[in-house]
Structures are given as structure tokens and as C-alpha cells.
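Thanks for coming, everyone. I have one structure to walk through today. Please take a look at it before I start.

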Amino acid sequence: MKAVTAKKRLGQHFLTDLSIAKAIADTVDICAGLPVLEVGPGMGVLTRFLLEKERPVKVVEIDEESVTYLCKNLPQLGEENIIPDDFLKMHLDRLFSGGQFMLIGNYPYNISSQIFFKMLDYKEFIPYCSGMIQKEVGERLAASPGTKAYGILGILVQVWYDVEYLFTVDENVFSPPPKVKSAVVRMTRNKRECMECNEELFKRIVKSTFNQRRKKLRNSIQQIVGKESPLLSDPILDKRPEQLSIDDFIGLTKRVELEL
């Protein structure tokens, strides 16, 4: 069967370098025996190496052409393990008999952030996640306070996961080649069991402050607590959002809660 045609609307860039595919597949070795769900397998270059790990593997693929290709060219996967669906709309708690699994993929760059937000919704089922994304997104995921890349995505993920930026991948190992470099990252669920603050308020504060990241925190916090709040006199609000650690944001959220 001929190769699958890459579709721009799906953000498809098929990996052609087998050594990189193997290196990505090897990231699952950190979680021996845990089932694996691959997002967007395309023509199965990564899937083939995952199947060598001798553990349950399922793939979810929205592209009908790719599904047909996998069914005909990867019989060792099994058609029952090919899920023709939109990952962002799936109920992940129904996979693998409701047990935990690892998430992996050469993720479509146009929805990679949405994929990781979906992961957070099912974090109790996904203790590990790895794969390839746009280099800029990888840097944002792994960023530390005080850096330019530090922001909403990295904070919301790092609350629950330890993020490792593993290596950078050049454009010429894809067909068609993307216009940007790529990164392979791994995320491991940390030991945090609860936020110790209102999680929705935490998200609101992180998003509102970074939406005005060049301004001091006081500007955005004032819009939440009101102009008369005594909290506005606190020196911490003289800082800009990238200067606060995750624990700082949790502490700030607790204080804002008291004002509401």
C-alpha cells in the first residue's frame, strides 16, 4: 500500500528517522509493564518499536487513511487496538480496563497543548507521558521561573508532573519537514496529591497574570479582588508573573481566596 498523504489540517509530519523513533519508544522503559496509548501513529514508525516492548499497546488515529494503512501494514498491532477517534474527545478512563497507562506520540503540533491539558484532566490514569512536540512548546513545558519560556502551559503541567527536556530533533527527519525544530520530552507524575488551594482559582490567577506578563501582578490581581482589597499592598504584587514559583502561585491563590 502506498504511503499516507500528510494532511496539513491535521498537522501531520511523518517521522522518517528510525533511530529517533526508537529513542522515543525507549522512553517507555521508565514504566516497566505499563500499557501504552500512542496518539497519532500515522504510518506506525513509532508503533513498531513500541510493539517490541512486550506490553499492551493501543493507538488512536483520527485520519481514516492512516487507520487503513495501519490495519493492512501492521497486523501485529491488531485491528482491535487501533482506535479511529479524536483523542481530544475520548473518555480515557475507559481504556485498559480503567487502569493506568503511559501516553506517547509524535504529537500533532497544532493541538499539542490541548493534548497535555487533556492529560491533566486524566492525570490519575497517566503517570507518564512522553513524545515529540514543537521545540518551543517543549521549552515552555520544561521552563523554570525567571525564564522567557516560563508561562501558563509549563506551570499548569508542572503542578502535577516533573518535566524533562530530553533532546532536540532537526527538521530534515520528517516528511514533509516542518518549519521548526522539534523536541522530545518526558513527563513523570510527581508526588503532589492535591493543590491545597482552589484549583480553578489557581488556573484563573496564572492565566490572568501571564496574559499581562509585562505588568506587575497587582494589575491583574486587582481585577479579581477589587480595588479596595488590602492584599494589593503586599510587596509580592510588585513582581511580574515569571518571577513566581508554582508554590508562590499556590500561596497567592490561598490569599486571594480569603478576599473573595
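I will go from the overall picture to the helix packing, then to two single residues, and end with the backbone.

First, a reminder: this is a predicted model. Keep that in mind for every number I quote.

Overall picture. The protein has nine helices and nine strands. Put a box around its C-alpha atoms along the principal axes, and you get roughly 70 × 40 × 30 Å. The protein has 260 residues, and 51% of them are buried. The exposed surface comes to about 12,700 Å². Carbon and sulfur atoms supply 48% of that area.

How about contact order? Take the contacts with a separation of 6 or more. Of these, 68% are between residues 24 or more positions apart.

Now the helices. I will stay with three of them: α7, residues 199-210; α8, residues 217-225; and α9, residues 246-259.

Start with α7 and α8. Their axes come within 9 Å. The crossing angle is roughly 135°. Oblique falls outside the parallel, antiparallel and perpendicular ranges, and antiparallel needs over 145 degrees. So α7 and α8 count as oblique to each other. Their crossing is right-handed.

Which residues make that contact? From α7 we have Arg204, Ile205, Ser208 and Thr209. From α8 we have Leu217, Ser220, Ile221, Gln223 and Ile224. By class, that contact has four nonpolar, four polar and one charged.

Next pair: α7 and α9. These axes also come within 9 Å. Here the angle is roughly 110°. The perpendicular range is 65 to 115 degrees. So α7 and α9 are roughly perpendicular to each other. This crossing is right-handed.

The α7 side of it is Leu201, Phe202, Ile205, Val206, Thr209 and Phe210. The α9 side is Ile246, Phe249, Ile250, Leu252, Thr253, Val256 and Glu257. The classes are ten nonpolar, two polar and one charged.

Third pair: α8 and α9. The axes are 10 Å apart, and the packing angle is about 35°. Ile221, Ile224 and Val225 of α8 meet Leu252, Val256 and Glu259 of α9. That contact has five nonpolar residues, no polar ones and one charged.

Look at Ile205 for a moment. Ile205 of α7 is in the contact with α8, and Ile205 is also in the contact with α9. Thr209 appears in the α8 contact and in the α9 contact. On α8, Ile221 and Ile224 meet α7, and these two residues also meet α9.

Now two residues of α9, one at a time.

Ile250 first. It lies in helix α9. Buried or exposed? Ile250 has 5% relative accessibility, so it counts as buried. Leaving out residues up to four places away in sequence, Ile250 touches Arg192, Met195, Cys197 and Phe202. For a distance check, take Ile155, 95 residues from Ile250 along the chain. Their C-alpha atoms are separated by 11 Å.

Lys254 next. Lys254 lies in helix α9 too. Its relative accessible area is 35%, so Lys254 is partly exposed. With the same sequence neighbours left out, up to four places, Lys254 touches Glu196 and Cys197. So much for contacts; now the distance. Lys254 and Pro145 are 109 residues apart in sequence, and 20 Å apart from C-alpha to C-alpha.

Note Cys197. Ile250 touches it, and Lys254 touches it.

Last topic: the backbone. Most residues other than glycine have a negative phi, and most peptide bonds are trans. I have three places for you to inspect.

Phe96 is in the loop between β4, 82-83, and β5, 102-106. Its phi is positive, about 50°, and it is not a glycine. What is its exposure? Phe96 has a relative accessibility of 15%, so it counts as buried.

Ser97 is in the loop between β4 and β5. Its phi is positive, near 55°, and again the residue is not glycine. Ser97 has a relative accessible area of 82%, so it is exposed.

The third place is a peptide bond. Ser175 and Pro176 are joined by a cis peptide bond, with omega about -10°. Pro176 sits in the loop between β8, 174-175, and β9, 182-189.

That is my tour. Over to you for discussion.

Definitions and conventions
Residues numbered from 1 in each chain as written. Predicted model: local features only at pLDDT ≥ 70, side-chain atom pairs only at ≥ 80, totals over all residues. Heavy atoms only, no water. Axes fitted to C-alpha atoms, helices over the stretch in contact; angles between N-to-C directions. Helix = DSSP H or I, 4+ residues; strand = E, 2+ residues; numbered from the N terminus. Parallel < 35°, antiparallel > 145°, perpendicular 65-115°, else oblique. Left-handed = near helix turned anticlockwise from the far one by under 90°. Contact = heavy atoms within 4.5 Å. Nonpolar A, V, L, I, M, F, W, Y, C, P; charged D, E, K, R; others polar. Buried < 20%, exposed > 50% of the residue type's maximum accessible area, 1.4 Å probe, protein only. Areas by Shrake-Rupley, 256 points an atom, 1.4 Å probe, with all protein chains shown as cover.
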